[in-house]
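Keep the sequence and the 3D view side by side as you read. We will go through the fold piece by piece.

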Amino acid sequence: MIQNHEVFIISRTDGIGDVVLTLPIAGILKQRYPNCYICFLGEKYTKPIIDCCKHIDAFLNWTNIKKLPYEKQVSFLKKLSADEIIHVFPRKEIAKLGKSAKIPVRTGTRNRLYHWIYCNNLIKLSRKKSELHEAQLNTILLSNSQTHTIPSLEEISTLYGLERIKPLSNHLQKHIVKDKINLILHPKSKGSAREWGLENYASLISTLPQEKYNILLTGTEEEGRLYRDLLVSPYPFVHDLSGKLSLEELISLINASDALVACSTGPLHIAASLNKLAIGIYPPIRPMHPGRWAPIGKNAHVLVLNKECNLCRKTSDCQCIRSIKPEQVIKILSNIVKD
């Protein structure tokens, strides 16, 4: 039991980028209730993100909790003595669990029928047609806690709280070159976003001067197998780290680097939240457009065509995103001043 604190549970059991864009909620709660205790309910693989956030006091491992008998799930939540659970990513089973655990305030959107059964603090929130960014939309779930003003994107960039980053391990430190710009390229997205195309990344690598840039490729082992012939074999100076990094190590690597180029992925949002030069390459199509999912940070940039992308809507091979030129990326990279 947690005593003498306002206790909140933030529930978001989806992807890495989504979790990063939810952290500002915790930052706002800490501003409102400096002594509050915040638990983050998420899938196990996102725990390294939460471990880095100074605003989060405990991680609740949904991957393991959901395997327990229902009575033990209820007992687990009851022991937290939570005052409120905020369903940022709606899941019926978690909404039901919150009610069964008799959490006094159970916040969810009005759009889910089961929230009318299991939640008692219903928020009017429509994401589909909104002009707001995902991170701003998340904060609307706090609107009934106090009078709530939606933070600007600049304010959002100050609310992540990713300050507990572990130092880069010795075996990865050798990949960082101090007198060069350490640039991470994350070419794939595990199918979660429209991609820029391996040919564009190859063109970028071949154009960047080797004496100025130290290039590191990241991704899963499966993704590495898809791009090694095109992005690694022809360029022996490239560091291929695909399949070699845990999420914790990837966060440390991004923190030790200068810039990252990717489509709309978790690593892009991590880089932006750490105030690295984060260059996101996006399609001009709803709901994937940068108005909703752009990286938010003091050094975040987006490349997107100023046009409608309706012809590409039904295919993953998006010519609009692929037509963005490597020279546009290089122009942004040229703003880096290396000490």
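**A covered strand and its partner**

Strand β7 is covered on both faces: Ile181, Leu183 and Leu185 on one side and Asn182, Ile184 and His186 on the other are all buried. Buried means under 20% relative accessible area, exposed means over 50%, and partly exposed lies in between (1.4 Å probe, protein chains only). The strand spans residues 181–186, and 6 of its 6 residues are buried. Helices (H or I, at least four residues) and strands (E, at least two) are DSSP runs, numbered from the N terminus.

A word on the source: this is a predicted model, where local features need pLDDT of at least 70 and side-chain atom pairs count only at pLDDT 80 or more, while totals for chains, interfaces and linings use all residues. Residues are numbered from 1 along each chain as its sequence is written, and side-chain values use heavy atoms, with hydrogens and water left out.

Which strand pairs with β7? The partner is β8 (residues 213–217), and the two pair in the parallel sense over 5 bridges. Two strands pair if DSSP finds at least two bridges between them. Look for Leu185, which stands opposite Leu217 in β8.

Now go to strand β11 (residues 277–281). Here 5 of its 5 residues are buried. Leu277, Ile279 and Ile281 lie on one side, Ala278 and Gly280 on the other, and both faces are covered. Strand β10 (residues 259–262) pairs with β11 in the parallel sense, over 4 bridges. One place to see this is Ala259, whose bridge partner in β11 is Leu277.

**The six-stranded sheet**

Next, find the open sheet of 6 strands. Their order is β3-β2-β1-β4-β5-β6, and the pairing is parallel. β3 (58–61) and β6 (121–123) stand at the edges with a single partner strand each, so one side of each has no neighbour in the sheet. On average, neighbouring strands of this sheet are turned by 20° against each other, direction ignored.

Within the sheet, β1 (residues 7–11) runs parallel to β4 (residues 84–87), and 4 bridges join them. Ile10 stands opposite Ile86 in β4. Helix α2 (residues 23–32) packs on this sheet and touches β1, β2 (37–42) and β4. Contact means heavy atoms within 4.5 Å. The direction of α2 makes about 165° with that of β1. Axes are lines fitted to C-alpha atoms, for helices over the stretch in contact, and angles run from 0 to 180 degrees between N-to-C directions.

Is α2 enclosed or open? Of its 10 residues, 9 are buried, so α2 is largely enclosed by the rest of the structure. Among the buried residues are Leu23, Ile28, Lys30 and Arg32.

**Two helix pairs**

Two packed helices are described by the angle between their axes and the distance between the axes. Start with α5 (residues 70–79) and α6 (residues 92–100). Their axes come within 9 Å and cross at roughly 65°. The crossing is right-handed. A crossing is right-handed if the near helix is turned clockwise from the far one by less than a right angle, and left-handed if anticlockwise. Tyr70, Gln73, Val74, Leu77 and Lys78 in α5 meet Lys96, Leu97, Gly98 and Ser100 in α6. By class, this contact has 4 nonpolar, 3 polar and 2 charged residues. Ala, Val, Leu, Ile, Met, Phe, Trp, Tyr, Cys and Pro count as nonpolar, Asp, Glu, Lys and Arg as charged, and the others, Gly among them, as polar.

Pause at Gln73 in α5. Why does Gln73 count as buried? Because its relative accessibility is 8%. Leaving out residues up to four places away in sequence, Gln73 touches Trp62, Ile65, Lys66, Leu68 and Leu97.

The second pair is α13 (residues 247–256) and α14 (residues 266–273). They pack at an angle of about 45°, with axes 10 Å apart. That makes α13 oblique to α14. Angles under 35 degrees count as roughly parallel, over 145 as roughly antiparallel, 65 to 115 as roughly perpendicular, and the rest as oblique. Leu247, Leu250, Ile251 and Ile254 in α13 meet Pro267, Ile270 and Ala271 in α14. This contact has 7 nonpolar, no polar and no charged residues. In α14, 8 of 8 residues are buried.
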